[in-house]
Amino acid sequence: MKIDILKNELKNHVADFVGTEAKEASVFWLKNEALPAVKEVAAVYTAALRESSAKEMGWCKFRDRVFLPCAVDSALWLVGKALDGMAAKQGG
């Protein structure tokens, strides 16, 4: 299947994905399936960053030990809080 055919099909049926049920299902899927999987991968990534910081000096050490792990963890925390709030408003 060519990408243009898929792209056109998605564009033609976009209304199916912006209905209330589809949006609520998307929030629940992101909260219950996607976010836990991303957090699992992020934990391995941040652990590897911290481990690699032992070989670094100066700003690179700060980047690997503090900045990037905090940025990843903060972003995931923020997304998690937003999804929790949205899910609560939806009734779940």
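Start by selecting F62: this Phe is partly exposed, with a relative accessible area of 37%. You're looking at a predicted model, so before going further, try colouring by pLDDT. The chain averages 93, and 98% of its residues reach 70 or more. Among the elements, helix α1 (residues 3–12) has the lowest mean at 88, while α3 has the highest at 96.

Back to F62, and add W59 to the selection. The two form an aromatic pair, edge-to-face, with 5.6 Å from centre to centre and 90° between the planes. Don't go hunting for others: the structure holds one aromatic pair. Why are these two separated by about one helical turn? They sit three residues apart in helix α3 (residues 58–90). As a general point, an α-helix has 3.6 residues a turn, so residues three or four places apart point the same way. Switch on a surface and W59 shows up as exposed, at 72% relative accessible area; the cut-off for that label is over 50%.

Now show the whole of α3. Does its end-to-end distance agree with or depart from the expected span? It agrees: at 1.5 Å a residue, the 33 residues should span 48 Å, and the end C-alpha atoms are 47 Å apart. Still, zoom in on D64, because that's where a kink of about 40° is centred.

Stay on α3 and pick F67. Its side is partly open to solvent in the model's terms: F67 counts as partly exposed, with a relative accessible area of 48%. If you want a distance label, draw one from F67 to A48: C-alpha to C-alpha they are 14 Å apart, with their positions 19 residues apart in sequence.

Next, select the buried residues of α3, namely D64, P69, L76, G80, L83 and A87. What do they pack against? Bring up α2 (20–52), and there's the partner.

For a close-up from the α2 side, click on T46, which is found in that helix. T46 is buried, with a relative accessible area of just 4%. Which residues does T46 touch, leaving aside those up to four places away in sequence? Show P69, V72 and D73 as sticks and you have the set. P69 is also one of the buried residues of α3.

Last stop: run along to the end of α3 and select G91, which follows the helix. Check its backbone torsions, and you'll find a positive phi, near 100°.

Definitions and conventions
Residues are numbered from 1 along each chain as its sequence is written. This is a predicted model: local features need pLDDT of at least 70, side-chain atom pairs count only at pLDDT 80 or more; totals for chains, interfaces and linings use all residues. Side-chain values use heavy atoms; hydrogens and water are left out. Rings of Phe, Tyr and Trp (its six-membered ring) pair if their centres lie within 6.5 Å; planes under 30 degrees apart count as stacked, over 60 as edge-to-face and the rest as tilted. Helices (H or I, at least four residues) and strands (E, at least two) are DSSP runs, numbered from the N terminus. Buried means under 20% relative accessible area, exposed over 50%, partly exposed in between (1.4 Å probe, protein chains only). The expected span of a helix is 1.5 Å times one less than its number of residues. The bend at a residue is the angle between axes fitted to the seven residues ending there and the seven starting there. Contact means heavy atoms within 4.5 Å. pLDDT is the predictor's confidence in each residue, from 0 to 100.
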